[in-house]
Each structure stands twice: as C-alpha cells, then as structure tokens.
Amino acid sequence: MINKPTKPVDPERGIIVGVTGGIASGKSTVSRLLAEKGAFTINLDEIGHELLKRGSPVMDELLEAFGPDILDASGDVSRKKLGAIVFADNAAREQLNAIMHPPIVQRSQSEAHRLVADDADCVVVIDIPLLIEGGRHHLVDVIVVVTTSPENQLQRLLERSIEESRPLSVEEAQARISAQIPLSEKEKFAHFVIDNNGAFEELSRQVDQLWIEFRRLKTL
Ligand code: ATP
C-alpha cells in the first residue's frame with residue numbers, strides 16, 4: 001500500500017474517506033472490508049438506484065434527455081437500457097452524469113456530514129467511482145484509490161457480469177473500462193493506493209493496515 005500525507009483532520013469530527021478507482025477495481029470490496037472494521041459506508045450506487053425509481057426528482061430530466069424508451073415495465077428507469085445508451089455514446093454519458101451526479105453527491109455529503117458530526121471518532125467511507133473525474137476530491141478528508149491491472153479489471157468485470165446474470169461481451173466490458181480515466185491518473189490524487197492485483201487475503205491485509213492509518217490520523 002502506498003501512503004502519502006493527508007491534510008490535518010479535525011479532531012471535533014469523524015473522518016470522511018473517499019474510496020475510488022476504476023470499474024471493477026475492488027472499491028466495493030474495500031468498502032465492505034472497512035465496514036467490517038467499523039466504518040460507516042455510504043454507497044453512491046445505492047443512492048443512484050433510488051434516484052432511478054418512479055417519482056424521484058431526476059426522473060423528468062432523464063425522460064427529457066433520453067426519451068421514454070429508458071423505462072422498464074414497472075415505470076422505473078431501466079439501468080440496462082440507460083447503460084446501453086450511455087456506454088456507446090460519450091455525449092450521452094456526460095449528459096447522464098450531469099443529471100445524476102449533483103443530487104447523488106449532495107445526498108452523500110449531507111449523510112456523511114451528519115455522521116461525522118454525531119461521532120468524532122467515526123470513519124465514514126464513500127464508495128465514489130467518479131470522485132476525481134468529477135473534481136470532488138476536496139469533499140473528502142482522505143482519498144483511497146484501489147488499483148488493479150487492466151487485465152484483472154477486464155477479467156473481474158466479465159466474471160461479475162456473468163455472476164449477476166447480465167453478461168457483458170469483451171467489447172462492452174472494454175468500452176466501460178476505456179470510458180474512464182486511467183487508474184494511473186487517479187493514483188496521483190491518492191493519499192493511499194491499494195494494490196488489488198493479488199488474492200482477497202492480500203487485499204484484506206492492506207485494509208487492516210489502512211484502518212490502522214485512519215486511527216493514527218485521529219491521534220496526530
Ligand atoms: P464497480 O465500480 O463496477 O462497482 P468495484 O470497483 O466496486 O466495481 P468490486 O465490486 O469490489 O469492484 O470488485 C469487482 C469484482 O471483482 C467483484 O466480483 C469482486 O468480487 C471481484 N474481486 C475484487 N477483488 C478481487 C480479488 N482480489 N481477487 C479476485 N476477485 C476480486
């Protein structure tokens with residue numbers, strides 16, 4: 001694990017940690033391991049899923065941008081249909097991000113700030129894929145980038161898509177990876193870089209070390 005100095009943390013409140021990295025690099029796995037250590041976790045995917053449900057405030061904007069074909073039979077926005085549109089079209093993806101990101105970030109921030117204000121010793125982890133692309137890295141105290149080789153990333157993305165019964169072709173998976181800025185770019189912003197090229201046990205050992213570093217930050 002690579003470790004760089006962070007800005008000083010406020011002793012009066014908990015620490016907000018942004019876990020980022022590429023698609024299928026292991027962000028959710030790292031967040032889950034940190035939750036097992038005692039961190040509160042905020043999952044942006046979950047907030048995003050909530051925002052795709054019928055009656056949510058962003059629904060009208062999505063319909064206006066992409067048309068009624070994005071709806072599934074129950075009237076919610078279909079992530080599959082939306083995914084097919086935006087991963088094939090950069091402009092559409094940027095439009096989707098422009099609609100979804102502000103409310104997602106706003107909700108995650110208010111939740112994180114409520115938690116850290118309530119408990120000065122807590123660690124709040126936000127799994128935030130576009131932390132750096134979105135220029136939002138200043139919103140967190142500590143940035144953790146989870147990296148993995150392009151080969152592992154592709155293989156894990158393909159395997160997961162099969163496990164989730166939504167198999168991607170190699171071309172589709174590659175398009176999702178290529179749509180993001182390279183992991184090496186994200187690493188430049190990191191306070192901690194987790195190398196997730198090894199086995200789960202190796203990842204878990206790095207998270208143990210990371211947790212010790214978070215505790216140390218609170219005692220500086
Ligand atoms: P996304 O951005 O798409 O949500 P993610 O960065 O959160 O992905 P994970 O869901 O944590 O990534 O991991 C992607 C897949 O790779 C999962 O199926 C996970 O179980 C698997 N995986 C993660 N780390 C490892 C590892 N060290 N060895 C083998 N498989 C792994």
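At what angle do α1 and helix α9 pack, and how far apart are their axes? The views below take this pair and others in turn.

This is a predicted model, in which local features need pLDDT of at least 70 and side-chain atom pairs count only at pLDDT 80 or more, while totals for chains, interfaces and linings use all residues. Residues are numbered from 1 along each chain as its sequence is written, and side-chain values use heavy atoms, with hydrogens and water left out.

**View 1. α1 packs with helix α9 (residues 200–219).** The angle is about 55°, and the axes are 10 Å apart. That makes α1 oblique to α9. Oblique covers the angles left over once those under 35 degrees (roughly parallel), over 145 (roughly antiparallel) and 65 to 115 (roughly perpendicular) are set aside. Axes are lines fitted to C-alpha atoms, for helices over the stretch in contact, and angles run from 0 to 180 degrees between N-to-C directions. The crossing of this pair is right-handed.

**View 2. Helix α3 (residues 59–66) packs with helix α5 (residues 90–118).** Here the angle is about 165°, with the axes 10 Å apart. The two helices are therefore roughly antiparallel. Their crossing is right-handed (the near helix is turned clockwise from the far one by less than a right angle).

**View 3. A shell of 15 residues surrounds the ligand.** Lys27, Ser28, Thr29, Arg160 and Asn196 come nearest. A residue is near if one of its heavy atoms lies within 4 Å. α1 (27–37) and α6 (150–163) each supply at least two shell residues. α1 gives the most, with three. Helices are DSSP runs (H or I, at least four residues), numbered from the N terminus. By class, the shell has four nonpolar, seven polar and four charged residues.

**View 4. Polar atoms of the protein meet the ligand at Ala24, Asn196 and Gly198.** A ligand oxygen is 3.0 Å from a polar backbone atom of Ala24. A ligand nitrogen is 2.7 Å from an N or O atom in the Asn196 side chain. At Gly198, a polar backbone atom is 2.9 Å from a nitrogen of the ligand. The protein covers 81% of the 630 Å² of accessible area that the ligand has on its own (Shrake-Rupley method, 1.4 Å probe).

How values were computed:
A polar contact is a pair of N or O atoms within 3.5 Å; within protein, one must be able to donate a hydrogen and the other to accept it, and residues adjacent in sequence count only if both atoms are side-chain atoms. Ala, Val, Leu, Ile, Met, Phe, Trp, Tyr, Cys and Pro count as nonpolar, Asp, Glu, Lys and Arg as charged, and the others, Gly among them, as polar.
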